[in-house]
Amino acid sequence: MNIHPSPTASPMAPAGWTMDCSFENVNSLCQCICIVFLQGKVMCSISMTESNGDRDAVRLAAAERARAWVADFLKRSNSA
């Protein structure tokens, strides 16, 4: 999936950034593991857990975290 912004997303991820998520139920928790790609190259992974098992909520939270990571990565890359 694209790391497209939700209506309240900030910061936004530029084009070319994508994220694939997989889900696993662990006890009563929903664990989400997302891999963030830049034009097909693995850049980072994000793992989150949601206690009520709401996959949409944990996916949105992971996307927010991914966009923040991308913004920080680009900031570091531009200052080097």
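Here is a short chat about a predicted model, its sheet, its helix and a few of its residues.

Reader: Before I trust any coordinates, what is the mean pLDDT of the chain?
Author: It's a predicted model, so confidence comes up straight away. Of the residues in the chain, 84% reach a pLDDT of 70 or more. The mean pLDDT of the chain is 82.

Reader: And in which element is confidence highest?
Author: Start from the other end: confidence is lowest in helix α1, residues 55-79, with a mean of 86. The top spot, at 92, goes to strand β3.

Reader: In what order do the strands of the sheet run?
Author: There are 3 strands, and they make an open sheet with antiparallel pairing. The edges are β1 (17-26) and β3 (41-50), each pairing on one side only. From one strand to the next the twist averages 20°. Read across, the order is β1-β2-β3.

Reader: How many bridges hold β1 and β2 together?
Author: These two pair in the antiparallel sense. One of the pairs puts Val26 against Leu29 in β2. The count for β1 and β2 is 10 bridges.

Reader: What about β2 and β3, how many bridges there?
Author: β2 covers residues 29-38 and runs antiparallel to β3. Among the facing residues, Cys32 stands opposite Met48, and Leu38 stands opposite Lys41. The number of bridges joining β2 to β3 is 9.

Reader: Which residue takes a positive phi in the hairpin of β1 and β2?
Author: That hairpin has 2 residues between its strands. The phi in question is near 55°, and the residue that takes it is Asn27.

Reader: Which turn residue has a positive phi in the hairpin of β2 and β3?
Author: Here too, 2 residues sit between the strands. The phi is about 50°, and it belongs to Gln39.

Reader: Is Leu38 buried or exposed, or does it fall in between?
Author: Leu38 is found in strand β2. Leaving aside neighbours within four places in sequence, Leu38 is in contact with Gly16, Trp17 and Met43. Its relative accessibility is 27%, and buried would need under 20% while exposed would need over 50%. So Leu38 counts as partly exposed.

Reader: How far apart in space are Leu38 and Ala15?
Author: In sequence the two are 23 residues apart. Going C-alpha to C-alpha, the distance between Leu38 and Ala15 is 8.8 Å.

Reader: Glu50 has no salt bridge, so which side chain of opposite charge is nearest?
Author: Glu50 has its place in strand β3 and is buried. Beyond its neighbours within four places in sequence, Glu50 is in contact with Leu29, Cys30, Ala57 and Val58. A salt bridge needs the nitrogen and the carboxyl oxygen within 4 Å. The nearest side chain of opposite charge is 10 Å away, and it is Arg65.

Reader: Which side chains meet in a salt bridge, then?
Author: The structure holds 1 salt bridge. Its partners both lie in helix α1, 4 residues apart, about one turn of the helix. The N to O distance is 2.4 Å, and the pair is Asp72 and Arg76.

Reader: How do the two partners score, and what is the relative accessibility of Arg76?
Author: Asp72 has a relative accessible area of 36%, so Asp72 is partly exposed. Arg76 counts as partly exposed too, because its relative accessibility is 42%.

Key. Residues are numbered from 1 along each chain as its sequence is written. This is a predicted model: local features need pLDDT of at least 70, side-chain atom pairs count only at pLDDT 80 or more; totals for chains, interfaces and linings use all residues. Side-chain values use heavy atoms; hydrogens and water are left out. Two strands pair if DSSP finds at least two bridges between them. Axes are lines fitted to C-alpha atoms, for helices over the stretch in contact, and angles run from 0 to 180 degrees between N-to-C directions. Buried means under 20% relative accessible area, exposed over 50%, partly exposed in between (1.4 Å probe, protein chains only). Lys and Arg count as positive and Asp and Glu as negative; His and the chain ends are not counted. Contact means heavy atoms within 4.5 Å. pLDDT is the predictor's confidence in each residue, from 0 to 100.
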